[in-house]
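Here's a quick tour of a few spots worth a look. Have the sequence and the 3D view open as you read.

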Amino acid sequence: MRKTITGTGGMLLIQTLKDAGVEYLFTNPGSAETGIFAALAETEDPRLVVAKHEGLVAAMADGYHRLSGKVGVAIAHVMGGSYQLAGQLFNAQIAGSSLLVVAGDWMSELQDYRGLAPFPGLSQAESMRPLMKEARCAYQIGADPAAITVATTRALREATTYPTGPVYLSISAALLNQEGLEAQIGEEAAYRIEGVAPARAESVDTIARRLGAATCPVLIFGDDVSRQGAQAEAIALAELLEAPVFAGRQIFPNFPLRHSLFCGGYPVSAEFKKVTGLTPDLIFLVGCQGVHGPVAEPRVMQIGPNPLLMGRHYPLDVAVQCELRGTLKALAEALPRVNPAGAAAWKRQREKVRAYAASLISKEEDLVREHEHDATVHPAVLEAHLADILPRDTAMVQESSTARAALLPLGHGGMWWTRSGGGSLGFGVGAAIGAKIAAGRERPVMLHLGDGALTYSAAGFWTMARYNTAVLTVVSNNDTYQIVRHNWARQMPDTKMVREGKYPGLQLSGPSTDYVALARAQGVDGEHVTTLKELEPALRRGVEKTTKENRPYLVDVKVQQEGVGADSGWTEAWQM
Ligand SMILES: Cc1ncc(C[n+]2csc(CCOP(=O)(O)OP(=O)(O)O)c2C)c(N)n1
Ligand SMILES: [Mg+2]
């Protein structure tokens, strides 16, 4: 029902957000948003979550969105503050996260170069456009108070309609402060556009026929499988076809890592072909925005609710915009019907796929055994400990480039997991806080990040302490940006840099940062692990502190530098 609301522009905004069901506002405040904060002083909700840098603010909103499925709403400070969101809006954009960013706007027709305002000739909304959903969804309200409710509702709808993504709303600061405004809103603020339906019966049969005829279909399940809750249907399809499942670049564990048909990352390895004797001849992308790089298989089929990248990189043999749960269910029903001899033949034909999948796990277990007595913790040993010790319903945020995950029970029936998606560092701490707020008191949230990654969002421990979001943070601390060294050596193997182990700019020691002290200084307790024997008790303590005692805790684990140039301690020598 529509109702009339009166008050300041800020009140109109807050009431619209409440009517839309928004429960939290993530923010770093400023004085162009006075009207918003004055309105919040008069109400208990939405609840405010403050962070000390905008990167954290955007990551919190994103982490909250990813675990709750609700829109993550951030209040930012004019142009200067909005630009600081950029690194994490980049991630949200790539991940397709439904975020709404609202900022006050000091637009002026009289004054150029007003402090913190956009550059002359640009509007604030225009300046944020490249970072928003499809570079389209950035709106501006200058004068009409009724537009506050309309544009806020429009922005929420845009953020949640495929292709989903972050949306920006810039509202005149003067309007936010102005009193005696009137507008209409109510439960209509929550309206959403219903998405696409399951694929048509003929399309399902076509897909079933092609899957049935393939020698070895490769299945890739993308993030829309998780978003639409179709993980169980994904597993049923793979098992029915006895087909190998590979992972693309994903932000959710759409297919369980420990499933006996999970064969690692795409592209298909030469080893897979050797072990199974199969050459994949069809790739089936399900709720997945495509693979990065070329597709090796001669036939490509793609289905999912998001048409954005369908067919952008390679021609598709079959492409259907559709809802996934219903479509996968229909496919499971159609497969035996259109391929009567199928199931038995597929099992026989692809009997070695499970052996290959098992070999990936046993390789990882061998690596753990090889290093299980090393005094300094090897990344695989840390991985095995986490697999043993973390509660199974843990939600994990990962921002470590060299941490290993093959042994973790990620996916349906096990742990929830996410990572930035865009790779722009600074996601971890904020995302874990947002995820914990969405997860609630009972569900454990763990943040696993590299020492390098941590420092991009290092001011976030204050927010953890301030709101008592009981996140267990584990730092894989190798005192270096190891993955970058690895990539450099792969790209330019025949250089002085690689031959002599002189990697400029990657060493983080001299001085090393004390991450426990860094967290403690902001109100989060923690401990160092420097040797293997300290690892298990520290992780158990971490789980105990965060679950039973409901307090955030940090475990800083000194891990071995491994991989290319691991023994190189060289660093630039100059100092002032
Ligand atoms: C905002 C941003 N700046 C720089 C980079 C480049 N970069 C990618 S990985 C990485 C280092 C990560 O180090 P760490 O988190 O310690 O992980 P490790 O590889 O050591 O395990 C850097 C600097 C990036 N991805 N994002
Ligand atoms: Mg590191």
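## Around the ligand

The residues of the shell around ligand 1 split into 13 polar, 5 nonpolar and 1 charged. Keep in mind that this is a predicted model. Of the 19 residues around ligand 1, the ones that come nearest are Thr 402, Gly 450, Gly 452, Ala 453 and Ile 483.

Which helices chip in to this shell with at least two residues each? Helix 18 (451–454) and helix 20 (482–491) do.

## Strand 4 and its partners

Strand 4 runs over residues 72–76, and 5 of its 5 residues are buried, so call it mostly covered. Gly 72, Ala 74 and Ala 76 point one way, while Val 73 and Ile 75 point the other way. That's the pattern to expect, because side chains in a regular strand alternate between the two faces of the sheet.

Strand 4 has parallel pairings with strand 2 (residues 24–27), over 3 bridges, and with strand 5 (residues 99–105), over 5 bridges. Ile 75 is a handy spot to see both: it is the bridge partner of Thr 27, and Ile 75 also stands opposite Val 102 in strand 5.

## Helix 11 and what follows

Helix 11 covers residues 231–241. Its buried residues are Gln 231, Glu 233, Ala 234, Ile 235, Leu 237, Ala 238 and Leu 241. Right after helix 11 comes Glu 242, with a positive phi near 50°.

## Two buried loop residues

Leu 390 sits in the loop between helix 16 (379–389) and strand 15 (395–399). Is this loop residue buried or exposed? Leu 390 is buried, because 21 other C-beta atoms lie within 10 Å, and the cut-off for buried is 20 or more. Leaving out neighbours within four places in sequence, Leu 390 is in contact with Met 446 and Val 543. For a sense of scale, Leu 390 and Gly 21 are 369 residues apart along the chain, and their C-alpha atoms are separated by 33 Å.

Gln 289 is another loop residue, found between strand 12 (282–286) and strand 13 (299–304). Why does Gln 289 count as buried? Because Gln 289 has 23 C-beta neighbours inside 10 Å. Not counting residues up to four places away in sequence, Gln 289 touches Gly 222, Asn 306, Leu 308 and Leu 309. From Gln 289 to His 448 is 159 residues in sequence, and 26 Å in space, C-alpha to C-alpha.

Terms used. Residues numbered from 1 in each chain as written. Chains lettered and ligands numbered in written order. Predicted model: local features only at pLDDT ≥ 70, side-chain atom pairs only at ≥ 80, totals over all residues. Buried ≥ 20, exposed ≤ 12 C-beta atoms within 10 Å, placed from the backbone. Helix = DSSP H or I, 4+ residues; strand = E, 2+ residues; numbered from the N terminus. Pairing = 2+ DSSP bridges. Contact = placed C-beta atoms within 7 Å. Near = placed C-beta within 6 Å. Nonpolar A, V, L, I, M, F, W, Y, C, P; charged D, E, K, R; others polar.
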